[in-house]
Each structure stands twice: as structure tokens, then as C-alpha cells.
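Trainee: Could we go through this model together, one question at a time, with the reasoning spelled out before each answer?

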Amino acid sequence: DGSSVTMEVHVRPGDAQRTLRAEVLAGLCGERQPRELSPRWLYDERGSQLFEEITRLPEYYPTRCEREILLAHAGDMARASGADTLIELGSGSSEKTRLLLDALRETGRLMRFVPFDVSEAFLRQSAEAVASEYPELHVHAVVGDFGRHLGRLPRGGRRLVAFLGGTIGNLKPPERARFYAELAAGLSPGDGLLLGTDLLKCRKRLFAAYNDRAGVTALFNRNVLNVLNRELGADFNPEAFEHLAPFDEENEWVEMQLISTRPQTVLLRALERYVNFAEGEVLRTEVSCKFRVEQVEAELAAAGLHLVERWTDAAGDFALSLARK
Ligand code: AVJ
């Protein structure tokens, strides 16, 4: 419609199918314990809607905390970054994006916005919306998987990469180190990273945030079984799995689990396999790491990303760290 959106595609729908099959073969059908799926399969259309609902739950604080920090400090972040290009990884809530874009525009430097996401349809929609609201902005959308295509971030200008929402917590320590290293390798001196991390806090609040009273997180978690039914012709009965999200003290992460309520056999038609679950057997669907601020700083520094400034909400529940190569 005449808007100035350009698009670059590194992931096609068929890729997701192949990745899902490989992951299910290794994580569900293999001998590995616990059984595990990566959290990306939680976010089909229904799952994304349920996640939006989660962000409005009284118990789920991270989204509100991050918004509070951005409302108070987006201007400081924009000035400290000196960026003319905003790259947003896992381009999520449009509201946070706009707070950053507005602040960057205020500095008078903003030229380009690069939303980066796995879902082409979603990305096209949000890119068009931003382009129409910021007519002077060049919007270049990149469809990619940040596990594989970090090396493909567009070059040039002074770039600020925003990775918000605490999604970095989905990566376990070794994957996280790889992520920081790959990201840093693609940045030039002066480029920055704005990273949102959920912080360690009292276990009761962590538990409540991932085991909400209304049961929305349970629906979100069980929905991944519907995804497997649809995409792999599986015959999971979501009712036969219970949601639980305990805090793992050793790893300092909350993990979402689906626990088989009885012995059962599930057919994965597309893989020509059966999977048995014992009563009480756990399928892990997500880890959500909780951090100490010094730990975030040290992990970034290990990748050559040096902390410039860090902001937290008043309660100290969530942090946004700005680091520079
Ligand atoms: C989108 C990964 C930040 O870990 O808190 C919310 C996902 N899982 N409730 C998080 C999630 C269960 C969320 N992130």
C-alpha cells in the first residue's frame, strides 16, 4: 500500500515444520530425559493470544515492570545509545517498540527500524503498522530465527539491538553464551544491546507468576499439545496432562512442565512413531531463567559487550541493561 517496508526472509514455513519434526524426534521420541520441547512451539496464533492474556494477569509482573522502566528511562536509553537504527529481536509488543522509537526520534538521529521475528505474517503486519505511524522511518523487516540468523542483521549506521520481555531467559546458560557471542560478532564498536531480564525474587511470587489462579498459563502450556496434534497429526489429549511450573533452585529458572496424569501412549502420525508416557512423567516445555544483575553484566562482558547503564523498576523485579561493543 505504498508504505516503505522492505522485507528479508531467511525462514520459510516449511523450515518450521522440519525443525519441529527434528526437535520432536530428539526431544520427545529419544532417550533424553527429561523430555523436552523448545518454547518456540508455544506461540502459534492461539498461543500468542494466550501469552498476551498472561501479560495482563495480576500475578505476571514482568511486562508491567519492563513498561514502567521504559516509560521512565526510554529517553536515557536512546541518548546513551546514540543509535540511528533500532533492531528489535522477537519483535513483540508494539507498545514497547513505540516507546523506544519515540525516544530515539527525540534524539533526532532515528532513521531505520528493523523488526526481526520468526513469523512472517505477524512481522509484515507489525512492520506495516509502524511504517504508517512513522512515515519518515525506513522499516526493514527480517524474518529469521535468532538461534540461526543473528549473523544476518543488517549492517550500517549506529545500531541498537533490543531484546526485551525477558525472552533471553528461555536460553539455558550455554545457549545464552552462544547467543551473546554471535550477536557481538555481528556488531561494530559503538553498537549497543538493550537487554530485558527478569530478576531473582521471592519464590512465592515467581511461582504465582507462572501458576496463575485463572489458569491462563496452564492453557498456554497445554496449547503446545494442540500444536503437535495439528502439525504432526498427533493425538495428544491435553486434558491428560497437568500444568506445573516449579522453580528449579539449582539452575535458578522457572520451568514449565506438562505432567502425564496417567500412563498413556500418544501417536505422532507424521513421524510414524508412538511415545509412551508413564504416570507423573514430565515433558518440559520452557525454562525461564531468573538473573542477578551482576550475573547479566558478567555474561555480557564475557562476550565483549560492556555494560553502559542498567535500569530497574522501583521494586527491583526486572532489569534493562544497555551494553556496548
Ligand atoms: C515471553 C519468555 C518472557 O518466560 O516469562 C510466560 C513466557 N511463559 N508465562 C516468560 C512465559 C509462561 C515469558 N517470556
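Mentor: Let us begin with a term: helices, of at least four residues, and strands, of at least two, are DSSP runs numbered from the N terminus. Pro34 is found in the loop between α1 (13-29) and β2 (35-36). Please keep in mind throughout that this is a predicted model.

Trainee: Which residue precedes Pro34 in the peptide bond that is cis?

Mentor: Most peptide bonds are trans. The bond that leads into Pro34 is cis, with omega near -5 degrees, and Pro34 belongs to the loop between α1 and β2. The residue on the other side of that bond is Gln33.

Trainee: How many helices and how many strands does the protein chain have, and what radius of gyration goes with its 325 residues?

Mentor: The secondary structure of the protein chain comes to nine helices and 15 strands, and the C-alpha trace spans about 60 × 45 × 35 Å along its principal axes. Of the 325 residues, 41% count as buried, and among contacts between residues at least 6 apart in sequence, 74% join residues at least 24 apart. Because a compact globule with 325 residues would have a radius of gyration near 20 Å, the value for the protein chain agrees with that expectation, at 20 Å.

Trainee: Is strand β7 largely enclosed or open?

Mentor: In a regular strand the side chains alternate between the two faces of the sheet. In β7, Gly192, Leu194, Gly196 and Asp198 point one way, whereas Leu193, Leu195 and Thr197 point the other way, and all are buried. A residue is buried if 20 or more other C-beta atoms lie within 10 Å of its own. Since seven of the seven residues of this strand (residues 192-198) are buried, the strand is largely enclosed.

Trainee: Which strand pairs with β7 in the antiparallel sense?

Mentor: Strand β6 (residues 159-163) pairs with β7 in the parallel sense over four bridges, with Ala162 standing opposite Leu194. The chain passes from β6 to β7 through helix α6 (residues 173-186) in a right-handed β-α-β crossover. For the antiparallel pairing there are seven bridges, and one of the bridge partnerships sets Asp198 against Phe318, so by the rule that two strands pair if DSSP finds at least two bridges between them, the strand asked for is β15 (residues 318-324).

Trainee: Which residue of β6 is the bridge partner of Thr85?

Mentor: Thr85 belongs to strand β3, where Thr85, Ile87 and Leu89 point one way and Leu86 and Glu88 the other way, and because five of the five residues of β3 (residues 85-89) are buried, that strand is largely enclosed by the rest of the structure. β3 pairs in the parallel sense with β4 (residues 112-117) over five bridges, and the partner of Thr85 in β4 is Arg112. Four bridges join β3 to β6, again running parallel, and in β6 the partner of Thr85 is Arg159.

Trainee: How many charged residues are in the shell around the ligand?

Mentor: The ligand is surrounded by residues that include Ile54, Pro62, Thr167, Asn170, Tyr210, Met256, Glu286 and Ser288. The residues of this shell divide into four nonpolar and seven polar, and the number of charged ones is one.

Trainee: Is Ser260 buried, exposed or partly exposed?

Mentor: Ser260 lies in strand β10 (residues 253-260), and beyond its neighbours within four places in sequence its contacts include Ala240, Phe241, Phe277 and Glu281. Ser260 has 19 other C-beta atoms within 10 Å, while burial requires 20 or more and exposure 12 or fewer. Ser260 therefore counts as partly exposed.

Trainee: Where is Glu272, a residue with a positive phi?

Mentor: Most residues other than glycine have a negative phi. Glu252, in the loop between β9 and β10, has a positive phi of about 55 degrees and is partly exposed, with 17 other C-beta atoms within 10 Å. Glu272 has a phi near 50 degrees and is exposed, with 8 other C-beta atoms within 10 Å; its place is in the loop between β11 (264-268) and β12 (273-277).

Notes: Residues numbered from 1 in each chain as written. Predicted model: local features only at pLDDT ≥ 70, side-chain atom pairs only at ≥ 80, totals over all residues. Rg over C-alpha atoms; globule rule 2.2 N^0.38 Å. Contact = placed C-beta atoms within 7 Å. Near = placed C-beta within 6 Å. Nonpolar A, V, L, I, M, F, W, Y, C, P; charged D, E, K, R; others polar. Right-handed = clockwise from strand over helix to strand, strands pointing away.
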